[in-house]
Amino acid sequence: MLLQILNVLICLLGPFFIMWLTRTYKPLGKLGDIVLAYILGCLLGLVGIMPQDGSLTTIAGVAVPMAIPLLLFSADVRSWRRMAPEFIKSTVCCILAFSVAIFVAHSLVVDPDTNYSAIGGMILGRYTGGVVNQASIKTALSIPDDIYVVCDVCIMAVSALYLLLVIVFGKQITSRLLPVKSSLAMSNSSAASHVAEMSSDTDLFYGLLRKSNRFHLYRALALALIVILVGVALASLVKYVCSLFDIQDVFTPVFILIITFFSLILASQKQVQQIKCTFEAGTYFILVFSIAVSSQVNTTVLASASSAMLLFVFIATLGGFLLHVLFSALLRVDRDTTLVTSASLVCSPPFVPVVAGSLGNKSVIAPGIAVGLFGYAVGTYLGFALVYLLSLFF
């Protein structure tokens, strides 16, 4: 019992330790909170501080359903209709490009001991949404924690290479293929402006500690719990109906899809949009999940990180980027829109201002962030759809 309490305390307090690190040592903030959470978790797992008694899997399983509604509450659903046509085209091109690249990776990388259909779905969920979508698919498909950690380590390594490519060389490379012009920026939605402010602030969830935000935090948590309870009730009903037809293992995926759906419904309500700290609270639970999952890494897990997995992620990531540029060129989508859309979907909205700064075009920040928030909403559904399609062919 004491070991389980220790695990819970480390996972719950870990994000605040990361916040202290980024406030005390500013350069660490440039690595990103998720990366620091994984580094912290891996170090704790490798030195044996975190007891491997199953409680870590439970913590990760609870953190994901809490994060989904909290992150989606900050999405301004109505503003998506006002996205500039260029961004809509680029978003579709990006999603299609990574889907094709993952299909190609699955065709080239063969490993009978690894379910690359599920991994492909996680990658698409991650690259259209974020860690929360990837974690949702992992939870719904019951992907083993060790496989998830190895896959995620590969994703982070290749993603870092991708981001370097986009920021340092993207402008020069794509200028030869894509038209160079300023994109039409949609009006600043409250969610996009909020994330834009946070992206330049290393204290991503520092607002959770302010007394003035406590009432908003309590409202957000209460609303998230209501969504989860409704999801449990409806998913249990679906599970019961399916059991009558001898259909098993439906509860978790149905539960994830239901809470995503109701979170989006609530996100379209003005009263919910006015609640502060929803994105910060969701980010906190994602960090809790990241620490809980990554702390299960050990030398055995690292040794199992096959070159095949790294090759699969490499083809899916860089292949998806190259196909996105090609599709954008065919549709005459401009350079800045293409690069910002790609960065927002692949790396998450907080990276948009960084890429926009490298392009010298701040007008693409707001629509770029809106694209990323849209990705959070649809990433889980797209990931599940790709898993189904891949399973039909492989």
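**Two helix crossings**

Guide: Helices H1 and H13 lie roughly perpendicular to each other. The model is a predicted one, in which local features need pLDDT of at least 70, side-chain atom pairs count only at pLDDT 80 or more, and totals for chains, interfaces and linings use all residues. Residues are numbered from 1 along each chain as its sequence is written, and side-chain values use heavy atoms, leaving out hydrogens and water.

Visitor: Why are H1 and H13 called roughly perpendicular?

Guide: H1 (residues 2-24) and H13 (residues 278-294) pack at about 110°, their axes 8 Å apart. Roughly perpendicular covers 65 to 115 degrees, so the term applies to this pair.

Visitor: Which residues make the contact of H1 with H13?

Guide: Cys11, Leu12, Gly14, Pro15, Phe16 and Ile18 of H1 meet Tyr284, Leu287, Val288, Ile291 and Ala292 of H13, where contact means heavy atoms within 4.5 Å. Ten are nonpolar, one is polar and none is charged; Gly counts as polar.

Visitor: What makes H10 oblique to H11?

Guide: The axes of H10 (residues 214-244) and H11 (residues 251-267) come within 8 Å and cross at roughly 140°. Because roughly antiparallel needs an angle over 145, roughly parallel one under 35, and oblique takes the rest outside 65 to 115, H10 is oblique to H11.

Visitor: How many residues of each class are in the contact of H10 with H11?

Guide: There are 15 nonpolar, three polar and one charged. Lys239 of H10 is among the contact residues, and Lys counts as charged.

Notes. Axes fitted to C-alpha atoms, helices over the stretch in contact; angles between N-to-C directions. Helix = DSSP H or I, 4+ residues; strand = E, 2+ residues; numbered from the N terminus.
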